[in-house]
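Walk me through this structure, starting from its interior and working outward. Keep the steps short.

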Amino acid sequence: MNSFAVHAGSFFDGFVPSGPVTVYVRGTRIVRVDRTGALPADGTQVIDLGPHACLIPGLIDTHVHLAFDAGPDPVTSLAATGDADLLAQMRAAALTALHAGITTIRDLGDRDYLSLTLVEEWAEHPERGPEILAAGPPLTTPRGHCHFLGGEVEDTKALRAAVRERHARGCAVIKIMASGGRMTPESVPPHASQYGLEDLRTVVDEAHRLGLPVAAHAHGIQAIRDALEAGVDSLEHVSFLTADGMNADPALMQAIVDSNTFASVMAGVEPSVPIDQARYEVIMNVYGTLQKMGAKVVIGSDAGVAPPKPHDVLPHGVVDLVRAGVAPVDALISATSLAARLCRVEGRKGRVTAGADADLLAVNGDPLKDPGALLDVLAVFRVGTRVR
């Protein structure tokens, strides 16, 4: 059984920053955290990362798509790829995320439950990839957004059956496409709803009865409003789209703040890839406002859906939230302990404390002062094994 200590010059435990730290690991778990930073005197092996290293919990990305290749046309690419090759692509995507310090991911849409295949593959060797919390094929209307993933379903009976199937297969979350999306031109536009309030309530009721959370893809104002009223656990995208553009309605934003629902915001783009910067800044400002109003904002990068969204993009999301006016500590909380609450792995993930999984990220510099330090990775530990 692995037994060692990690020493770093500064520390963020998932909630608050502090000075030097020595974290003791045995097997797959953290067994002790010495906040004085004293080195062990009993001969314990020490991995000393140096005075400029900051040790933080492994990051959690609440919205990824391992089956999408982050290319210029991921839908066509997916259709042309058989299951064996797609699984190889998904393994590589997951490893890319892990090497960036993303030790837990929520896969919110794959084909034929292939993410669950990776979960089974890594059951005996979890250090081979991040922990995957899979949704399987997302629920969508016939020819609706991402219908090509195989989750087309309508009417109350079929919706309940689809939730039960995902529960029986071992999914960790139910994903439903409350609105349309840009990747599927044949669906309704992104601002328009696919499912109404009663359908959303049906899915939430059945999922909660089985102990599963519900994530709702919701771009449009009405889709956000209905998903919120139905009691979904997370709103994905939350982009407040209308037929004419974007309208971040203050009353609806306050309703999100007052609810138990998390806002999983699509922060983070690869800086080297050209995007519509003005549009991105508008949506980032909305996300920043939501966070400052008190909403439970977490970062779901939507990794895989386009060239600006490679599978290691989440740290850029932390940087971009800070640029939108969010305090660095709150941006880090969004990608660690708060994300763990949403994903129902609180206590085991997203924090550095005795009893938690030894999922750790060490970076060169202090991300509480300069979030860009997250991009300078010194070491990544996954359940007690150093993977980078």
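I256 touches I224, L228, L235, V238, F240, T261, L290 and A295, leaving aside residues up to four places away in sequence. The model behind these contacts is a predicted one. I256 belongs to the largest nonpolar core, which holds 104 residues. Within this core, L66, L139, L235, F240, I256 and L290 touch the most other members. Helix α2, residues 83–99, gives the most to the core, with seven residues. Another core lies apart from it. That one has 19 residues, among them F4, L49, V352 and A358.

Two of the contacts of I256, I224 and L228, are also buried residues of α6. Helix α6 spans residues 221–230 and is mostly covered, with seven of its 10 residues buried. The buried ones are I221, A223, I224, D226, A227, L228 and A230. What covers them? The cover includes α5 (197–209), β12, β13 and α7 (250–258). After α6 comes G231, with a positive phi near 90 degrees. For reading such a helix, one rule helps: an α-helix has 3.6 residues a turn, so residues three or four places apart point the same way.

Next, the sheets. Strands of a sheet pair through backbone hydrogen bonds, either parallel or antiparallel. One open sheet has three strands in the order β8-β9-β10, and its pairing is parallel. β8 (59–64) and β10 (131–134) are the edge strands, each with a single partner, so one side of each is left without a neighbour in the sheet. From one strand to the next, the twist averages 15 degrees. Four bridges pair β8 with strand β9, residues 102–107, in the parallel sense. In this sheet, V64 stands opposite D107 of β9. Helix α9, residues 314–323, packs on the sheet and touches β8 and β9. The direction of α9 makes about 100 degrees with that of β8.

A second open sheet has four strands, ordered β5-β4-β1-β6, with mixed pairing. Here β5 (29–34) and β6 (45–48) stand at the edges with a single partner strand each, so one side of each lacks a neighbour in the sheet. Neighbouring strands of this sheet are turned by 25 degrees against each other on average, direction ignored. Strand β1 (residues 3–8) runs antiparallel to strand β4 (residues 21–26), and six bridges pair them. One of the β1 residues is F4, whose bridge partner in β4 is V25. F4 is also among the residues of the 19-residue core.

Strand β7 deserves its own stop. It covers residues 53–57, and five of its five residues are buried. Which strands does β7 pair with? Strand β2 (residues 10–12) runs parallel to β7, joined to it by two bridges. In that pairing, S10 has C54 of β7 as its bridge partner. Strand β17 (residues 360–364) pairs with β7 in the antiparallel sense, over five bridges. There, L55 has A362 of β17 as its bridge partner.

Now the empty space. Rolling a probe the size of a water molecule over the atoms shows where empty space is left. How many cavities of 30 Å³ or more does a search of the whole structure find? The search finds one. The largest cavity has a volume of about 50 Å³. Its lining consists of P57, G58, I60, T103, T104, R348, K349, G350, R351, D357 and D359.

The largest pocket holds about 780 Å³ of space. It is lined by 30 residues. Which of them lie nearest its centre? These are R182, R279, D302, V305 and K309. Each of β11 (174–177), β12 (214–220), β13 (234–242) and α8 (277–293) supplies at least two residues of the lining. The largest share, five residues, comes from α8.

Last, one loop residue. D73 sits in the loop between β8 and α1 (74–79). Is D73 buried or partly exposed? D73 has a relative accessible area of 39%. Buried means under 20% and exposed over 50%, so D73 counts as partly exposed. D73 and E124 are 51 residues apart along the chain, and their C-alpha atoms are separated by 34 Å.

Definitions and conventions
Residues are numbered from 1 along each chain as its sequence is written. This is a predicted model: local features need pLDDT of at least 70, side-chain atom pairs count only at pLDDT 80 or more; totals for chains, interfaces and linings use all residues. Side-chain values use heavy atoms; hydrogens and water are left out. Two strands pair if DSSP finds at least two bridges between them. Axes are lines fitted to C-alpha atoms, for helices over the stretch in contact, and angles run from 0 to 180 degrees between N-to-C directions. Contact means heavy atoms within 4.5 Å. A nonpolar core is a set of buried Ala, Val, Leu, Ile, Met, Phe, Trp, Tyr and Cys residues joined through side-chain atoms within 4.5 Å. Buried means under 20% relative accessible area, exposed over 50%, partly exposed in between (1.4 Å probe, protein chains only). On a 1 Å grid over the protein atoms alone, a cavity is a set of points where a 1.4 Å probe fits but cannot get out, and a pocket is an open set with protein on both sides within 12 Å along at least five of seven lines; lining residues have an atom within 4 Å of a point. Grid points are joined across faces, edges and corners, and a volume is the space filled by probe spheres set on the points.
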